[in-house]
Amino acid sequence: MVPAHRSRDDREAGAVTDVDPAFTDFLAQSRWFGGKGRDFEVTRAEEIGRVPGPPDVVVVLAEVDYGSGETESYQLPLALYDEEQPHIDRALVGRWPAGDGRFAYDAVHDRVAMAAYLRAFGDAPSTGAAGNELTFVRLPGHELDLDAAASPFSGEQSNSSVFFGEDCVLKIFRKVTPGENPDVTTHRVLTESGSTHIAHLYGWVESPLVEVRGAPATSLETTHLAMLQQFLRTASDGWEIALASVRDLFAEADLHAAEVGGDFASEAARLGEALAEIHGQLRDAFGTDTVDAGFVADQMAARLAAAIEVVPGLAEHADGARTAFGALAGLGEIPVQRVHGDLHLGQTLRTVLGWKVVDFEGEPAKPLAERLLPDSPWRDVAGMTRSFDYAPHAVAASLPEDDPDVRHQRATRAGEWARRNRRAFLASYCGEAGFGATDRTLLTAYVVDKAVYECVYEARNRPTWLPIPLEGVARLVAG
Ligand SMILES: Nc1ncnc2c1ncn2[C@@H]1O[C@H](COP(=O)(O)OP(=O)(O)O)[C@@H](O)[C@H]1O
Ligand SMILES: O=P(O)(O)O[C@H]1O[C@H](CO)[C@@H](O[C@H]2O[C@H](CO)[C@@H](O)[C@H](O)[C@H]2O)[C@H](O)[C@H]1O
């Protein structure tokens, strides 16, 4: 399906217009906008497709320029109206076209516009409308409930999801990079493998009109814009369940993690089983390869050097981190495969039918080309390991405490909780093969690398949480 390069002159649709200055304010206050806190300008807005209405929905790519040549593209699906729509006034983006154009609302918050998306999937495979090439693709096997009412997901997100009753979820990718999105391609393979640990893929939206700038010429590449998936009923967020377990532990000052009612270890073990199964299916479908561990270690060292620029406090732990990367470098060739890439408890959902893993897009900060590369499965194990460390320390940080004895007691219990769940997860992930010395070297390096990434993530997104990964790095390099 992807990619399909075309030259700029081949383009049949795609109108570039003046940009309504209101777009800048809209982006700046959107949770999913990755440039918050930085100076930027929306330099270009281009219509790349339409969804058959009513209402008219245009899909616009807004180009954000941070100065010094750095740009990003964000997707704005705009529902257009001649009159103002007071019931969705908080979703007003501006005018399209700029100036005296129609009122343009973020379509995600407009039930009627989202119903138009669902209808287009009902008609799939189809193109969005005459004169443009937005394509809706649907996989066989599920009868969509075309009457289901749309409601936007209200939680923290890098993209925007809309639930259609209890039937399906549409995720509209916000930061758009030309080419295939691993969330779509990985879900497709796991769906076709019959995985019971994911939300099945029902379809996606793609456009051949996304521009790839570069030498020798600018070209166009078919690009995934949105993904339609099974709605997971009875789903509880793994992160929330873990936090509840930690709170139980902290409430019982004299008890150990194994003794409190909310013990999480059996769930951690089930998560380990689920990940092992997913990795096996990804190996079968995408194959495996090997990569020079020295190359991986060099990348980790480079990421550390860049992270120190953002979080200077990392510098005092750099020698310890480099020791872990050096041990990795000594391993020669290591196996790699398609992985999740950014696994943490917030990407897991507990349903009555077991654990499900969502969001196979990889780390949002990484360029797409890097996210598509095969990686070590220990990357995902490390992500969960870090999450087992985050949960107790996030709860501890939310309970300010002056008494040093209580603080010390909580820190001890936090460490116990993290170790207990990490061990349970690892034991069932490794199964009969066990956890050998090479595995330990790999996991240690990947865990340190993940914690370094988290320091930058927190510094940029949630500065008050920075001590959680920073203290995590300190503990890791101290042994
Ligand atoms: N198929 C689904 N069914 C029900 N809830 C889901 C489903 N997929 C995701 N969610 C919920 O939406 C949240 C955000 O989804 P996610 O794929 O992680 O989005 P993003 O890429 O924007 O981070 C998840 O943490 C989960 O709570
Ligand atoms: O879910 P995303 O793909 O947007 O991932 C990013 O945000 C995550 C936070 O929402 C971040 O995860 C970090 O915080 C979690 C607790 O909120 C914790 O469980 C994770 O272990 C920790 O890495 C993730 O790193 C980032 O890429």
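Here is a walk through this structure, from its overall form to its charged side chains and one tryptophan.

Please keep in mind that the model is predicted. Let us begin with the whole chain. The protein chain is built from 12 helices and 19 strands. Its radius of gyration is 23 Å, close to the 23 Å that the globule rule gives for 479 residues, so the chain is as compact as a globular protein of that length. If you drew a box around the C-alpha atoms along the principal axes, that box would be roughly 65 × 50 × 45 Å.

What share of the residues is buried? Of the 479 residues in the protein chain, 53% count as buried. The contacts tell us how the chain is joined up: among those between residues at least 6 apart in sequence, 69% join residues at least 24 apart. On the outside, the accessible surface of the protein chain comes to about 21,200 Å², and carbon and sulfur atoms account for 51% of that surface.

Now for the charges. The protein chain carries 44 positive and 73 negative side chains, and the centres of these two sets lie 2 Å apart. Side chains of opposite charge can pair when their charged atoms come close. In this model the count comes to 27 salt bridges, and a few of them are worth visiting one by one.

Start with Glu 72 and Lys 175, whose closest N and O atoms are 3.4 Å apart in a salt bridge. This pair links distant parts of the chain, with the two positions 103 residues apart in numbering: Glu 72 sits in strand β5 (residues 71-81), while Lys 175 belongs to the loop between β12 (168-172) and α3 (182-192). Are the two partners buried or exposed? Glu 72 has a relative accessible area of 14%, under the 20% cut-off, so this residue is buried. Lys 175, at 31% relative accessibility, is partly exposed.

A second salt bridge brings together the side chains of Glu 166 and Arg 233, at 3.3 Å from N to O. Here too the pair links distant parts of the chain, 67 residues apart. Both ends are in loops: Glu 166 lies between β11 (160-164) and β12, and Arg 233 lies between β14 (219-230) and β15 (236-237). Glu 166 is partly exposed, with a relative accessible area of 47%, and Arg 233 is partly exposed at 47%.

The next pair is a local one. Asp 319 forms a salt bridge with Arg 322, with the closest N and O atoms 3.2 Å apart. Both residues lie in helix α7 (residues 318-329), three residues apart, which is about one turn of the helix. Asp 319 is exposed, with a relative accessible area of 59%, whereas Arg 322 counts as partly exposed at 42%.

Salt bridges can also be followed through a group of residues. Arg 303, Glu 363, Lys 366, Asp 375, Arg 379 and Asp 449 are linked in a network of them.

Let us finish at Trp 465. This residue is found in the loop between α11 (437-461) and α12 (467-477). What does Trp 465 touch? Leaving aside residues up to four places away in sequence, Trp 465 touches Trp 239, Tyr 390, Ala 394 and Glu 458. With a relative accessible area of 26%, Trp 465 is partly exposed. Further along the chain, Val 477 is 12 residues from Trp 465, and their C-alpha atoms are separated by 20 Å.

How values were computed:
Residues numbered from 1 in each chain as written. Chains lettered and ligands numbered in written order. Predicted model: local features only at pLDDT ≥ 70, side-chain atom pairs only at ≥ 80, totals over all residues. Heavy atoms only, no water. Helix = DSSP H or I, 4+ residues; strand = E, 2+ residues; numbered from the N terminus. Rg over C-alpha atoms; globule rule 2.2 N^0.38 Å. Buried < 20%, exposed > 50% of the residue type's maximum accessible area, 1.4 Å probe, protein only. Contact = heavy atoms within 4.5 Å. Areas by Shrake-Rupley, 256 points an atom, 1.4 Å probe, with all protein chains shown as cover. Lys, Arg positive; Asp, Glu negative; His and termini not counted. Charge placed at Lys NZ, Arg CZ, Asp CG, Glu CD. Salt bridge = Lys/Arg side-chain N within 4 Å of Asp/Glu carboxyl O.
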